[in-house]
Amino acid sequence: MSSPSSYYIPHEAKWPIVGSIALFAFFAGFASLLNGGGWVIMAFGAALLVYMMIRWFGDVIAESENGQYSAQVDVSFRMSMMWFIFSEVMFFGAFFGALFYARTFSGPWLSGIGEGGAAATNAVLWSGFDYVWPHNGPEQLGGAYEKMHWFPLPVLNTLILLTSGVTCTIAHHAIKEGNREKMVKWLLATCALGFFFVFMQGVEYYEAYAHLNLKMNTGIYGSTFFMLTGFHGFHVCMGAIILLIVMFRGMRKHFSATNHFAFEAAAWYWHFVDVVWLGLFIFVYIL
Amino acid sequence: MSTAAAGHHEHDDHGPAKGWTRWLYTTNHKDIGTLYLLFALVMFFIGGGMALIIRAELFQPGLQLVDPLFFNSMTTMHALVMIFGVVMPAFVGLANWMIPMMIGGPDMALPRMNNWSFWIMPFAFLLLLSTLFMEGGGPAGGWTLYAPLSLQGPDSFAFVIFSIHFMGISSVMGSINIVATIFNMRAPGMSLMQMPLFVWTWLITAYLLIAVIPVLAGAVTMLLTDRFFGTSFFNAAGGGDPVMYQHIFWFFGHPEVYILILPAFGIISSIIPTFARKPLFGYASMVYATASIAFLSFIVWAHHMFTVGMPLAGEMFFMFATMMISVPTGVKVFNWVATMWRGSMTFETPMLFAIGFLVMFTIGGLSGLMLAITPADIQYHDTYFVVAHFHYVLVPGAIYSIMAATYYWLPKWTGNMYDEKWGKIHFWVSTVFLNVLFFPMHFVGLAGMPRRIPDYNLQFADWNAIATIGAFGFGFSQLIFVYVIFKCIKGGAKATDEVWDGAEGLEWTVPSPAPYHTFEKPPAQYS
């Protein structure tokens with residue numbers, strides 16, 4: 001714990017209320033879109049949210065560059081980022097939990113395996129259903145489909161992400177040595193790999209929809225597949241954008257060997273999406 | 001955005017900003033704490049109004065006042081409002097006010113994010129409550145939003161889901177802020193085991209929130225995609241399982257129950273020593289008991305689902321794990337009683353509420369133990385016995401602790417003593433009506449009256465009429481609470497700095513009312 005002689009306290013915050021209005025518009029707009037309304041309110045909310053983030057982070061970056069932050073503030077930022085990532089881990093945990101539950105319990109029960117009423121449930125409601133993973137349920141929702149094979153696209157994507165983890169670490173070592181130029185270069189490589197991953201994920205989705213008839217409504221397999229890979233892809237997008245911003249800041253001569261929290265936060269986040277992908281690759285694609 | 005470094009050479013002693021925008025832009029933990037507490041108070045009356053609609057309908061058997069769909073949306077909304085709009089924000093408000101003062105810090109660790117955590121709440125509830133005015137009405141499938149019933153609800157469903165995401169953002173940011181504050185802003189030299197118990201219980205609560213709110217977000221996201229995007233997480237025809245929703249929901253829901261009570265334990269652990277004029281008995285065991293309860297809360301969730309058809313091994317595991325929780329809880333109750341033992345007790349209003357908590361929370365705890373027993377629960381499940389149980393832990397538990405905390409710290413917040421006579425009247429009237437309201441629910445529940453149904457068999461009529469009288473009595477006696485609070489804000493006998501003569505802790509070393517910025521320089525006691 002640091003023992004400060006003075007504290008840093010910001011005194012007015014105009015952006016939070018803008019953020020609340022933005023989120024309200026986004027959520028209300030999204031909900032009415034789902035019920036057949038227009039997209040304008042949602043788009044307004046999203047745009048305002050992005051604007052708010054640019055301005056709020058802009059203020060924070062300016063304060064940081066002016067040297068207004070003490071070591072204590074730095075510790076607060078680090079703790080917050082760590083626990084934010086932990087909350088993200090739990091968010092993915094819900095979807096992984098759904099996948100494991102469906103594979104360990106629901107599927108076998110529907111096919112009559114298990115104690116209690118499983119056999120009767122199968123005989124009365126879903127007779128003839130045999131459990132094999134993947135499946136789209138006893139009523140074969142979404143129709144006949146093919147499973148997404150782990151080769152070649154997912155393997156390629158795994159290699160892309162793992163490589164991006166390496167380039168990110170090289171960039172980190174560079175800034176720790178005070179070599180900003182090298183950091184920017186390797187960050188550029190990391191971002192490029194990140195966006196390439198997202199692009200390949202898009203190709204994979206196109207394959208799934210166009211050729212495999214694997215869709216979100218393809219029973220529990222399609223549900224878990226698209227929910228897990230979709231949220232992961234969204235997080236990769238976010239992570240790549242964050243790294244891109246860090247890179248631009250590096251080009252503007254931000255960061256030093258001792259002061260580069262934003263870089264490290266982005267890197268932690270990047271490694272987090274990396275690890276989630278490994279879980280996905282194993283449990284969604286291979287096993 | 002103006003900023004300044006507190007305690008720098010250029011002085012920074014200015015008070016609150018002028019005008020109403022002060023409340024919109026504030027980064028001050030006291031302002032934000034006040035906002036949270038006032039928000040909770042307003043929502044308390046909204047949620048209470050819904051409860052009175054429910055009780056009015058149940059005054060007599062038969063359908064009289066509202067149609068069943070609206071009745072169902074009242075039970076749903078009453079729970080969502082009371083849990084997410086009253087108890088949680090009130091505890092966060094207390095955390096905002098008290099934690100920085102208790103640990104000798106200048107403010108919360110992340111003051112701007114703190115502002116956002118609060119200002120999300122009114123918008124999130126606007127989104128939630130607006131569903132009541134939409135075509136088809138609000139959500140009516142119960143606050144747990146069980147699939148498939150909730151999926152068959154009205155079009156407003158998406159608004160409900162997003163309002164839960166919205167509140168979740170606030171909760172996670174608020175909890176992260178509290179964790180960072182407690183770890184990073186303590187007075188130099190203050191060790192973790194020197195922290196007041198309110199700080200400890202909130203630290204553990206914050207971890208629970210960070211761990212489970214995202215799980216709730218995931219669960220309701222799956223509801224959303226099941227309804228609007230064709231997924232089949234909770235649809236057996238597609239290989240999913242409605243029971244899976246219950247598992248994921250209660251993995252959030254059971255820790256949530258402790259989120260609603262652990263800060264209360266911290267409050268009671270502050271108040272009882274003050275008015276017994278003895279240090280808290282077994283401080284370390286209180287900390288360990290709190291941590292044990294938090295750990296156990298993650299492995300008991302399926303006791304909400306004993307009748308759903310789980311494998312026998314599951315029923316047994318969750319039964320025994322649940323019963324284990326009574327051990328650390330028993331340690332706490334024992335410690336509170338032992339703190340009072342041979343103390344020089346006085347019975348000011350906060351102490352009355354604390355003792356009321358102790359007695360009536362224990363009643364709720366014991367009925368919880370009954371519900372933990374799987375074979376017995378098959379009889380009690382979804383009856384008014386369950387309603388009686390959780391209202392005994394939440395109303396004279398969580399809500400009483402919030403009221404006790406309000407009376408206890410109000411003089412520190414406002415600089416004025418509250419009206420002791422009316423405070424005591426508030427306690428006694430509330431306590432009498434509360435028991436008239438909730439105790440009979442045990443009887444009708446054991447006799448088989450189901451919850452969440454607007455009509456009932458004739459043999460339950462008498463106790464229901466009595467409960468409704470209790471409900472209106474309890475509801476209207478809360479106006480006394482509002483009267484005492486606003487009277488205290490406006491004036492009254494000046495409070496001393498220490499306020500209570502047995503009180504210990506850093507918050508009693510600063511003037512009353514607490515200055516706008518406390519501890520711009522760290523206090524020296526601990527270094």
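## Tyr206 of chain A

A:Y206 is exposed because only 10 other C-beta atoms lie within 10 Å, where exposed stands for 12 or fewer such atoms, buried for 20 or more and partly exposed for counts in between, with C-beta atoms placed from the backbone. The residue sits in helix α6 of chain A, residues 180–212. From A:Y206 to A:M227 the C-alpha to C-alpha distance is 16 Å, with their positions 21 residues apart in sequence.

This is a predicted model, in which local features need pLDDT of at least 70 and side-chain atom pairs count only at pLDDT 80 or more, while totals for chains, interfaces and linings use all residues. Residues are numbered from 1 along each chain as its sequence is written, chains are lettered from A and ligands numbered from 1 in the order in which they are written.

## Where the chains meet

In chain A, 63 residues are in contact with 65 residues of chain B; contact means C-beta atoms, placed from the backbone, within 7 Å. The elements of chain A that each supply at least two residues to this side include α1 (15–34) and α7 (219–251). The largest share, 22 residues, comes from α3(A). Helices here are DSSP runs of H or I with at least four residues, and strands are runs of E with at least two, numbered from the N terminus.

## Nonpolar cores

The largest nonpolar core has 250 residues, and A:F27, A:A98 and B:V87 are among those that touch the most other members. Such a core is a set of buried Ala, Val, Leu, Ile, Met, Phe, Trp, Tyr and Cys residues joined through C-beta atoms within 7 Å. Helix α6 of chain B (residues 197–228) gives the largest share, 22 residues.

Terms used:
Contact = placed C-beta atoms within 7 Å.
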